[in-house]
Amino acid sequence: MVKSDVKKNNENELPTINIGMVGHIDHGKTTLLYKLSGKWASTHSEELKRGITIKLGYADIVIYKDEKGYNREGRGKAIRHVSFIDAPGHEMLMATMLSGAAMIDGAILVIAANEGIKPQTIEHLAALQAKKVKNLIIVQNKIDLVDIEQARKNYNDIMELLKGKYDNVPIIPVSALQDINIDKIYEAIVNIPISERKTEGEPIFLVARSFDINKPGTKPENLHGAVLGGTLKQGILKVGDEIEIKPGMVIREANQLHYKTLKTKIVSLFRGTKKVDKLTPGGSMSIETELDMTIGKNDALAGCVVSHVGKLPEITTNISIKYQLFPEVYGTIGHEKINEIKVSEMLMLSINTSMSVGIVKKVKKDVIEFSLKIPIVSFRGDNVGIARNINNHWRLIGYGEIL
Ligand SMILES: Nc1nc2c(ncn2[C@@H]2O[C@H](COP(=O)(O)OP(=O)(O)OP(=O)(O)O)[C@@H](O)[C@H]2O)c(=O)[nH]1
Ligand SMILES: [Mg+2]
């Protein structure tokens, strides 16, 4: 066996971790991810035009270690495969950030040292709590723009923010622009314990995006089917497996929306961009199906769940959740109190990678019953982020768990 094959084999068996990039708008998440991965994860024309992230971005790397430290260039021993998910910081895109948070094991909260703690710094931290993301790394970015006094004050503010929420979190001063301390972030990622991956049980694949990978003008015999991107929460998926996708395709009939479960076969599987025969949990992945390519276009199947045929629960529009409100409204400037949840009010719920609007049917102590506008595939114990429309913005006000 030649040397490169040894390295390759070793890489295929590496523990994989999903890391989210979160934090306030313009604090440097995408720039930092570029330095960490070599990939500019914002690619859509609108994103490039406006200079902000709108959709979730993705980049995969392997972290290596040699006597000089950690790197991604292949020096030394391969230690860990990392799938990064880059979230938008814009306050209107909190729902997208929440669906990204459903897929991660840990997060890098980027805080620009010159601006300090901002509304979405706090809101994203709350979102991580809501989605039960246990592992956190704080990057104090743009350190090149502040003096030592400002850096110190910012550090103290961060410590105050984390108090009682996240303990013993590494806080790393970084300049993404000037490549300062990037290797320290690799080290912190390597130190995150990887929770046990559940390969038993029926597969549960959460779809975060769906697309058509065909270039215009492709000959019919070379066309690929719809592709689903997301992450496998549990179980194993193999090429050739018969799968179902729920809630599936939206059909409008007599002004009513219906959902049609899709059944198809797995044509090929990818971990990051690497073609594989089977998927196990960990990392961001995609499934090429036999479905007509147009069915997956423009994220039409984002928020769906995939398993083997006949193995998913029925979709539902009625759920009960055990909930808890945050002490104040996050995401705004000022300290606004959160009013109690009332019967008949409309709230937005983030469940796995899906979003739904729910009307409150009953509130009893710490349990709410909802009637949902968009059905979901619900599993007991799933985390729910709860947002309320306050002055035309959806703001995270609490979280819960499906009963
Ligand atoms: N001086 C300095 N500028 C930085 C640094 N990191 C990022 N920037 C700049 O900050 C601006 C915003 O960077 P982005 O990476 O797009 O920020 P973002 O957090 O991804 O923004 P959204 O995705 O829209 O929330 C860009 O002009 C970057 O060049 C840094 O370490 N130092
Ligand atoms: Mg960005």
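Guide: Before we start, two strands pair if DSSP finds at least two bridges between them. Keep in mind too that this is a predicted model.

Visitor: OK, what is the strand order of the open sheet of 7 strands?
Guide: This sheet stays open and mixes its pairing senses. Its edge strands, β3 (69-71) and β7 (171-173), each have a partner on one side only. From one strand to the next, the twist averages 30°. Read across, the order is β3-β2-β4-β1-β5-β6-β7.

Visitor: Over how many bridges do β6 and β7 pair, and is the sense parallel or antiparallel?
Guide: Strand β6 covers residues 135-141. Within this pair, Q140 of β6 faces P173 of β7. The two strands pair over 3 bridges, and the sense is parallel.

Visitor: Which strands does helix α6 touch when it packs on the sheet?
Guide: Helix α6 spans residues 148-162, and its direction makes about 160° with that of β6. Besides β6, the helix touches two other strands of the sheet, so let me give the full set: β5 (106-112), β6 and β7.

Visitor: Now the barrel: in what order do its 6 strands close?
Guide: Here the pairing is antiparallel. Ignoring direction, neighbouring strands are turned by 45° against each other on average. The ring closes in the order β17-β20-β19-β18-β21-β22.

Visitor: How many bridges join β18 to β21?
Guide: Strand β18 is residues 346-351 and strand β21 is residues 383-390, and they run antiparallel. I351 stands opposite V384 in β21. The number of bridges joining β18 to β21 is 5.

Visitor: At about what angle to β22 does α5 run?
Guide: Helix α5 lies across two strands, β21 and β22 (393-402). Taking β22 as the reference, the angle is about 20°.

Visitor: How is the chain divided, and how far apart are the C-alpha centres of domain 1 and domain 3?
Guide: The chain splits into domain 1 (2-190), domain 2 (204-308) and domain 3 (316-402). For the C-alpha centres of domain 1 and domain 3, the separation is 27 Å.

Visitor: Which element gives the largest share of the side of domain 1 that touches domain 3?
Guide: The contact takes 18 residues from domain 1 and 15 from domain 3. On the domain 1 side, α4 (94-101) and α5 (119-130) each supply at least two residues. That side has 11 nonpolar, 3 polar and 4 charged residues. With 8 residues, the largest share comes from α5.

Visitor: Is the crossing of α4 and α5 left-handed or right-handed?
Guide: Their axes come within 10 Å and cross at roughly 35°. From α4 the contact uses M94, M97, L98 and A101, and from α5 it uses E123, H124, A127 and L128. These residues divide into 6 nonpolar, 1 polar and 1 charged. As for the hand of the crossing, it's right-handed.

Visitor: Last one: which residues come nearest to ligand 1?
Guide: There are 19 residues around ligand 1. By class, that shell has 6 nonpolar, 9 polar and 4 charged residues. Helix α2 (residues 29-37) gives the largest share, 3 residues. The residues that come nearest are G28, T31, I52, T53 and G89.

Notes:
Residues are numbered from 1 along each chain as its sequence is written. Chains are lettered from A and ligands numbered from 1 in the order in which they are written. This is a predicted model: local features need pLDDT of at least 70, side-chain atom pairs count only at pLDDT 80 or more; totals for chains, interfaces and linings use all residues. A residue is near a molecule or strand if its C-beta atom, placed from the backbone, lies within 6 Å of it. Helices (H or I, at least four residues) and strands (E, at least two) are DSSP runs, numbered from the N terminus. Ala, Val, Leu, Ile, Met, Phe, Trp, Tyr, Cys and Pro count as nonpolar, Asp, Glu, Lys and Arg as charged, and the others, Gly among them, as polar. Domain bounds come from an automatic or database domain assignment. Two residues are in contact if their C-beta atoms, placed from the backbone, lie within 7 Å. Axes are lines fitted to C-alpha atoms, for helices over the stretch in contact, and angles run from 0 to 180 degrees between N-to-C directions. A crossing is left-handed if the near helix is turned anticlockwise from the far one by less than a right angle, and right-handed if clockwise.
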